[in-house]
Amino acid sequence: MPITDHSHAQIAGTGNGAAHEGKVALAQRVIILLDRLGRLTRELQFADGLNPAQWEALRFLAQANKYSRSPTALAHYLGATKGTVSQTLIALESKGLITRCKKTEDRRQVDLCLTEAGQAMLVKDPMQTLEQATLEVADELGIQMVKGLSRLLHDLQTRNQISEFGVCQDCSLFCVNAQQNGADAATGICGNNGEAIETGEKAKICVNYKTAN
Ligand code: SF4
């Protein structure tokens, strides 16, 4: 069914059938808007010699915690195959924007890290255009938008068994173990492996994140 601005009229209809049709029409409108926004934001990210996947990988590595700065976690985050992610990482490495550095706690393992050039590139992130445009809308609808979009994302991730990613403050594993161990709430313990969480890592996104039911 094509979506038009007549959906308001459908929503205003009387009876259960009309109300249901109105809901369906509204849902279809939301889907089309999300799709168009997705296409637009994708187009914006062909900038400064990078493509959307490369920008997203840079953004991810800037935000990811120590358990998540790996090709596998990045593949989960992007919903991409390991092969596709590998191509993205090779391109970023060849441009000098990322590097592989040894983990401090286990020198045999490597982390993906942004180089100084990678951090400088992020200052030019084309998504900032969207951020400026969103500021005005967010002022009016910010909390509802975040709630609605977060719920939609969570539902889709759950249905498709995709890693959610999130930060320690919101993670059910962080809360449970922090209480059980009497750990300092400012740092806390990760329930996934029993390790202490450094303050700087707490606000970073994690591949092992588990939302509270
Ligand atoms: S508490 Fe949760 S989000 Fe934090 S490191 Fe552990 S699994 Fe990841």
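Asp 48 is located in the loop that connects helix H2 (15-44) with H3. In this predicted model, Asp 48 adopts a positive phi of about 50 degrees, although it is not a glycine. Most residues other than glycine have a negative phi. The relative accessibility of Asp 48 is 44%, and the residue therefore counts as partly exposed.

A second non-glycine residue with a positive phi is Phe 165, for which the angle is about 65 degrees. Phe 165 belongs to the loop between helix H7 (127-159) and helix H8 (172-180). The relative accessibility of Phe 165 is 10%; because this value is under 20%, Phe 165 counts as buried. A positive phi, again of about 65 degrees, is also found at Gly 79, just after H4.

The overall architecture is as follows. The protein chain contains nine helices and two strands. Their order along the sequence is α-α-α-α-α-β-β-α-α-α-α, with the two strands placed after five helices and followed by four. Of the 213 residues in the protein chain, 29% are buried. The accessible surface of the protein chain amounts to about 13,800 Å², and carbon and sulfur atoms account for 55% of this area. When contacts between residues at least 6 apart in sequence are considered, 53% of them link residues at least 24 apart.

Packing among the helices is illustrated by H4, H3 and H5. Helix H4 (residues 71-78) includes the buried residues Ala 73, Leu 74 and Ala 75. The buried residues of H4 pack against two helices, H3 (52-63) and H5 (82-94). Within helix H5 lies Thr 88, which has a relative accessible area of 7% and is therefore buried. Beyond residues up to four places away in sequence, Thr 88 touches Ala 53, Gln 54 and Ala 57.

The two strands, S1 (98-102) and S2 (110-114), are joined by a loop that includes Gln 109. Gln 109 has a relative accessible area of 40% and so is partly exposed. With residues up to four places away in sequence left out, the contacts of Gln 109 are with Cys 101, Lys 102 and Lys 103. Gln 109 is also separated from Ser 70 by 39 residues in sequence, while the C-alpha to C-alpha distance between them is 9.9 Å.

The ligand occupies the largest cavity. Around the ligand are Asn 65, Tyr 67, Cys 168, Cys 171, Leu 173, Phe 174, Cys 190, Ile 197, Cys 206 and Asn 208. This shell consists of eight nonpolar residues and two polar residues, with no charged residue.

Several residues outside the shell can be related to its members. Glu 201 is part of helix H9 (residues 199-202). The relative accessibility of Glu 201 is 12%, so this residue counts as buried. Apart from residues up to four places away in sequence, Glu 201 touches Asn 65, Lys 66, Arg 69 and Cys 168. Among these contacts of Glu 201, Asn 65 and Cys 168 also belong to the surroundings of the ligand.

Gly 194 is situated in the loop between H8 and H9. Gly 194 has a relative accessible area of 47% and is therefore partly exposed. Gly 194 lies 21 residues from Leu 173 in sequence, with 9.7 Å between their C-alpha atoms. Leu 173 is itself one of the residues that surround the ligand.

Tyr 209 is placed in the segment after H9. A relative accessible area of 11% means that Tyr 209 is buried. Excluding residues up to four places away in sequence, Tyr 209 touches Glu 164, Phe 165, Gly 166, Val 167, Asp 170 and Cys 171. These partners include Phe 165, the buried loop residue described above, as well as Cys 171, which is among the residues around the ligand. Tyr 209 and Cys 190 are 19 residues apart in sequence, and their C-alpha atoms are 9.8 Å apart in space. Cys 190 likewise contributes to the surroundings of the ligand.

Terms used:
Residues numbered from 1 in each chain as written. Predicted model: local features only at pLDDT ≥ 70, side-chain atom pairs only at ≥ 80, totals over all residues. Heavy atoms only, no water. Near = heavy atom within 4 Å. 1 Å grid on protein atoms, 1.4 Å probe; cavity = no way out; pocket = protein on both sides within 12 Å on 5 of 7 lines; lining within 4 Å. Sits in = over half its atoms within 2 Å of the grid points. Nonpolar A, V, L, I, M, F, W, Y, C, P; charged D, E, K, R; others polar. Buried < 20%, exposed > 50% of the residue type's maximum accessible area, 1.4 Å probe, protein only. Contact = heavy atoms within 4.5 Å. Areas by Shrake-Rupley, 256 points an atom, 1.4 Å probe, with all protein chains shown as cover.
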